[in-house]
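Subject: Structure handover

Hello,

Here is the structure I said I would pass on. My notes on what turned up in it follow below.

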Amino acid sequence: MIDWGKQLKAAFGASFLWLVCLIYFTQGFRSFVWTAVSYQLKDRLKLSPSASQFVSSIAFFPWSIKPLYGILSDCIPIKGRRRIPYLVIATVLSLVPWIFLGLNATLRNSKWHLMIFLMVQNLGSAMADVIVDAMIAEAVRLERTSFAGDLQSISWLAMALGGICGSLLGGLALTNLQIDTVFLLFSILPAIQLLSCGFVKENSVGSKVSPEFTNPRKSHTVNGNSSILDDNLVAKKSNIRTSRRKKSTTKNKRGAIVPRKSQIPEKADFLAVQWFHSMKAATYSLCHAFKQPIILRPMTWFFLAHVTVPNLSTVMFYYQTEFLNLEASFLGTARVVGWLGLMLGTLIYNKYLKKMKLRRILALAHISLSFLSLLDIVLVSRVNVAFGISDRIMVLCGSALADAVNQLKFMPFLILSGQLCPPGIEGTLFALFMSINNLGSTLGSFVSAGLASILNLSSGSFDNLILGIAVQVLCTFIPIAFLFLVPKEATGIST
């Protein structure tokens with residue numbers, strides 16, 4: 001890869017930092033528009049909680065294949081560049097669906113059309129997330145003193161700020177605006193992101209492939225320049241064909257012209273083969289690293305922790321809006337409190353739990369989640385009303401505490417992922433870890449939708465909701481039985 005560190009420092013400068021902050025802010029601000037999506041599925045399409053959760057699960061599937069985007073951008077440069085062109089593609093995919101959904105009521109009011117457009121939008125968002133993470137990783141690796149301390153802090157701060165603003169404004173927007181207007185308003189951010197890509201420069205890498213993924217047996221480079229040997233190889237093949245066709249002076253001249261015309265497609269074919277071997281080597285390295293027990297076992301646990309525990313958040317959203325009659329603005333405020341709880345969980349982890357064994361942290365997190373689920377039982381059974389505790393207080397406290405505990409569970413995942421990633425493929429393997437986490441959440445959503453369907457939980461019918469929450473409480477203890485998959489001596493301190 002070309003001197004990326006100097007490129008960031010000299011060419012990117014403020015435009016690079018602005019683009020990073022904008023992308024992460026947009027990722028957090030997505031809560032602004034996804035609140036509207038939830039109401040669209042419930043109020044306009046009249047979907048049941050299980051059907052709504054099914055649509056959301058399919059829409060978020062692109063987040064489960066994030067390594068594919070990283071391998072493509074690493075191995076197949078577009079016009080000699082590996083990051084910005086893919087970021088432009090990702091931004092267009094993030095922008096166009098909201099415009100179509102905002103302008104076309106037919107697409108917006110069709111379950112299948114809406115699901116497809118939401119999936120395309122998530123494809124763009126997931127790809128942008130991978131590309132900007134790769135750009136940050138390169139900056140941190142090659143300009144450690146200048147970027148290591150600031151980029152991660154700035155990016156997380158931008159995402160948190162976006163999440164708070166999106167949650168707060170999303171509820172207010174739904175109270176005063178139509179859903180189609182909310183879709184169009186959100187498209188402003190991807191549009192700005194698309195324009196910002198034009199101000200970020202990236203040096204061309206020519207036709208070279210990422211050195212860490214290049215197959216040495218198939219490589220024909222000399223001092224980093226593959227075009228010399230490419231031309232020589234084509235010329236040798238052309239000369240052989242020419243010599244076989246020599247019968248007269250005229251035919252010899254014609255034979256000299258033919259290989260020049262065939263040089264471009266042959267060169268393109270060679271480049272395609274080079275890309276294929278590069279992607280093959282990258283995939284092999286990724287699979288080989290992932291199959292190691294030290295990596296496979298803990299990632300299996302985090303996957304099972306999502307799949308085995310039903311998440312009835314969609315059903316609770318229907319219950320809170322239809323039975324408790326909570327407004328969209330208040331639910332947006334509850335999500336803001338949830339973001340604050342997430343920050344609180346991060347502070348608690350960094351201050352008190354960093355030296356604790358990961359097995360103990362994860363066990364305590366799941367036990368805490370089971371007790372927090374009991375708050376939902378109190379809310380649904382209306383026990384809180386008997387003690388004079390308002391529904392709003394219960395929802396706010398439950399949201400803040402649940403997000404704080406979930407962050408305590410997620411922090412060990414981040415730390416352990418960083419410890420397990422071998423050098424050379426850290427970015428792609430970490431993206432794989434995150435994809436496994438996302439895939440577990442997606443499959444867990446399918447399990448939740450199935451549970452809601454079995455218990456006949458639908459709009460206006462919440463008689464079995466307490467039973468569903470009880471099943472969720474019991475299932476929360478299942479992952480504790482598999483904690484032997486997590487390294488025994490691993491702690492919360494990244495090494």
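Asp391 and Arg382 meet through their side chains in a salt bridge, 2.9 Å from N to O. Asp391 counts as buried at 15% relative accessibility, while Arg382, at 26%, counts as partly exposed. Please keep in mind that this is a predicted model.

The search of the whole structure finds four salt bridges. Side chains of opposite charge can pair when their charged atoms come close. Another of these bridges joins Glu327 to Arg392, with the closest N and O atoms 2.9 Å apart. Glu327 lies in the loop between helix H13 (313–322) and helix H14 (328–353), and Arg392 in helix H17 (residues 391–420), so this pair ties together parts that are 65 residues apart in sequence. Both ends have some exposure: Glu327 is partly exposed with a relative accessible area of 37%, and Arg392 is partly exposed with 34%. Arg392 has a further contact, since it lies over the face of Phe330, 4.7 Å from the ring centre.

A third salt bridge links Asp43 and Lys42, whose closest N and O atoms are 2.6 Å apart. Here Lys42 counts as buried, at 8% relative accessibility, and Asp43 is partly exposed, with a relative accessible area of 32%.

Aromatic rings

The count of aromatic pairs comes to 15. One of them is formed by Trp34 and Phe60, a tilted pair with 4.7 Å between the centres and 40 degrees between the planes. Why does this pair tie together parts that are 26 residues apart in sequence? Trp34 lies in helix H1 (residues 4–44), whereas Phe60 is in the loop between helix H2 (49–59) and helix H3 (66–75), so the contact runs between these two parts. Trp34 is buried, with a relative accessible area of 12%; Phe60 is partly exposed, with 29%.

Trp98 and Phe186 make a pair of another geometry: their ring centres are 5.8 Å apart and their planes stand at 80 degrees, so the pair is edge-to-face. Trp98 lies in helix H4 (residues 84–103) and Phe186 in helix H8 (residues 179–186), so the pair ties together parts that are 88 residues apart in sequence. Trp98 and Phe186 are both buried.

The four residues just named belong to one aromatic cluster, formed by Phe25, Phe29, Phe32, Trp34, Phe60, Trp98, Phe183 and Phe186.

Cavities

Rolling a probe the size of a water molecule over the atoms shows where empty space is left. The structure holds three cavities of 30 Å³ or more, and the largest contains about 80 Å³ of space. Which residues line the largest cavity? The lining consists of Ile23, Thr26, Gln27, Arg30, Ser94, Gln121, Ser125, Ala128, Phe186, Pro190 and Gln193. Phe186 therefore appears both in this lining and in the edge-to-face pair with Trp98.

By type, the lining of the largest cavity divides into four nonpolar residues, six polar and one charged. H1, helix H6 (111–142) and helix H9 (188–197) each supply at least two residues of that lining, and H1 gives the most, with four.

Backbone and a long-range contact

Most residues other than glycine have a negative phi, and most peptide bonds are trans. Lys46 has a positive phi, near 55 degrees. Lys46 is in the loop between H1 and H2 and counts as exposed, at 64% relative accessibility. Asn325 also has a positive phi, of about 55 degrees, although it is not a glycine. Asn325 is placed in the loop between H13 and H14, and at 53% relative accessibility it counts as exposed.

Finally, Leu157 sits in helix H7 (residues 144–176). How far apart are Leu157 and Gly28 in sequence and in space? They are separated by 129 residues in sequence and by 9.9 Å in space, C-alpha to C-alpha. Leu157 counts as exposed, with 60% relative accessibility.

Regards

How values were computed: Residues are numbered from 1 along each chain as its sequence is written. This is a predicted model: local features need pLDDT of at least 70, side-chain atom pairs count only at pLDDT 80 or more; totals for chains, interfaces and linings use all residues. Side-chain values use heavy atoms; hydrogens and water are left out. Rings of Phe, Tyr and Trp (its six-membered ring) pair if their centres lie within 6.5 Å; planes under 30 degrees apart count as stacked, over 60 as edge-to-face and the rest as tilted. Buried means under 20% relative accessible area, exposed over 50%, partly exposed in between (1.4 Å probe, protein chains only). A charge sits over a ring if NZ of Lys or CZ of Arg is within 6 Å of the ring centre and within 35 degrees of the ring normal. On a 1 Å grid over the protein atoms alone, a cavity is a set of points where a 1.4 Å probe fits but cannot get out, and a pocket is an open set with protein on both sides within 12 Å along at least five of seven lines; lining residues have an atom within 4 Å of a point. Grid points are joined across faces, edges and corners, and a volume is the space filled by probe spheres set on the points. Ala, Val, Leu, Ile, Met, Phe, Trp, Tyr, Cys and Pro count as nonpolar, Asp, Glu, Lys and Arg as charged, and the others, Gly among them, as polar.
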